[in-house]
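Biologist: I should like to go through this structure with you, one part at a time. Could you begin with a single residue and then move on to the overall fold?

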Amino acid sequence: MAEAVLIVKDMKCGGCAQNVENALRTLPGISSVNVDLKTGKVKVDHEGKASVDQMKQKIKDAGYRPE
């Protein structure tokens, strides 16, 4: 199992966090997503089937700007 940590600073509420989590869960091999609104960190546990670039694109598609 691998872990990716992404930074998404423009999330403002629980709904934003849920949108990011739901978007990432559509990718193959994602086992868990943990969003920390205060820090903007999004921790993703995955099986390596989805790349970090694919994760960032899903976040962008949901309307947010990953760093």
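Modeller: Certainly. Please keep in mind that this is a predicted model. Let us begin with Asp 10, which lies in the loop between S1 and H1.

Biologist: Is Asp 10 buried or exposed?

Modeller: Asp 10 has a relative accessible area of 18%. Buried means under 20%, so Asp 10 counts as buried.

Biologist: Which residues is Asp 10 in contact with, leaving aside its neighbours within four places in sequence?

Modeller: Asp 10 is in contact with Gly 63, Tyr 64 and Arg 65. As for Arg 65, its backbone nitrogen lies 3.1 Å from a polar atom of the Asp 10 side chain.

Biologist: There is another aspartate, Asp 36. Where is Asp 36 found?

Modeller: Asp 36 is in strand S2. With a relative accessibility of 32%, Asp 36 counts as partly exposed.

Biologist: What does the side chain of Asp 36 reach?

Modeller: The side chain reaches the backbone nitrogen of Lys 38, at 3.0 Å. You may also compare Asp 36 with Met 11: these two are 25 residues apart in sequence, and 9.5 Å separates their C-alpha atoms in space.

Biologist: Let us turn to the sheet. In what order do the strands run?

Modeller: Three strands form an open sheet in the order S1-S3-S2, and the pairing is antiparallel. S1 and S2 are the edge strands, each pairing on one side only. From one strand to the next, the twist averages 15 degrees.

Biologist: How many bridges join S2 and S3?

Modeller: There are six bridges, in the antiparallel sense. Within this pair, Val 33 stands opposite Val 44 in S3, and Asn 34 stands opposite Lys 43 in S3.

Biologist: And what lies between S2 and S3?

Modeller: The two strands form a hairpin with four residues between them. In the turn, Gly 40 has a positive phi of about 80 degrees.

Biologist: Now the helices. Which residues of H1 are buried?

Modeller: In H1, which spans residues 14-24, the buried residues are Cys 16, Ala 17, Val 20, Ala 23 and Leu 24. They cover an arc of only 130 degrees around the axis, so they are on the same side of H1.

Biologist: What do those buried residues pack against?

Modeller: They pack against strand S2 (30-36), strand S3 (41-46) and helix H2 (52-61).

Biologist: How is each helix placed relative to the strands?

Modeller: H2 lies across S1, S2 and S3, and runs at about 40 degrees to S1. H1 packs on the sheet, where it touches S2 and S3. The direction of H1 makes about 160 degrees with that of S2.

Biologist: That leaves the interior. Which residues of the largest nonpolar core touch the most other members?

Modeller: Of its 18 residues, these are Met 11, Leu 24, Val 42 and Met 55. S1, H1, S2, S3 and H2 each supply at least two residues of this core. Its largest share, four residues, comes from H1.

Biologist: Let us look at Val 42 more closely. What does Val 42 touch, not counting residues up to four places away in sequence?

Modeller: Val 42 touches Ala 4, Val 5, Leu 6, Val 8, Met 11, Val 20, Leu 24, Val 33, Asn 34 and Val 35. Two of the names in that list, Met 11 and Leu 24, have already appeared among the core residues that touch the most other members.

Terms used. Residues are numbered from 1 along each chain as its sequence is written. This is a predicted model: local features need pLDDT of at least 70, side-chain atom pairs count only at pLDDT 80 or more; totals for chains, interfaces and linings use all residues. Side-chain values use heavy atoms; hydrogens and water are left out. Buried means under 20% relative accessible area, exposed over 50%, partly exposed in between (1.4 Å probe, protein chains only). The arc is that of the directions from the helix axis to the C-beta atoms. Contact means heavy atoms within 4.5 Å. A nonpolar core is a set of buried Ala, Val, Leu, Ile, Met, Phe, Trp, Tyr and Cys residues joined through side-chain atoms within 4.5 Å. Two strands pair if DSSP finds at least two bridges between them. Axes are lines fitted to C-alpha atoms, for helices over the stretch in contact, and angles run from 0 to 180 degrees between N-to-C directions. A polar contact is a pair of N or O atoms within 3.5 Å; within protein, one must be able to donate a hydrogen and the other to accept it, and residues adjacent in sequence count only if both atoms are side-chain atoms.
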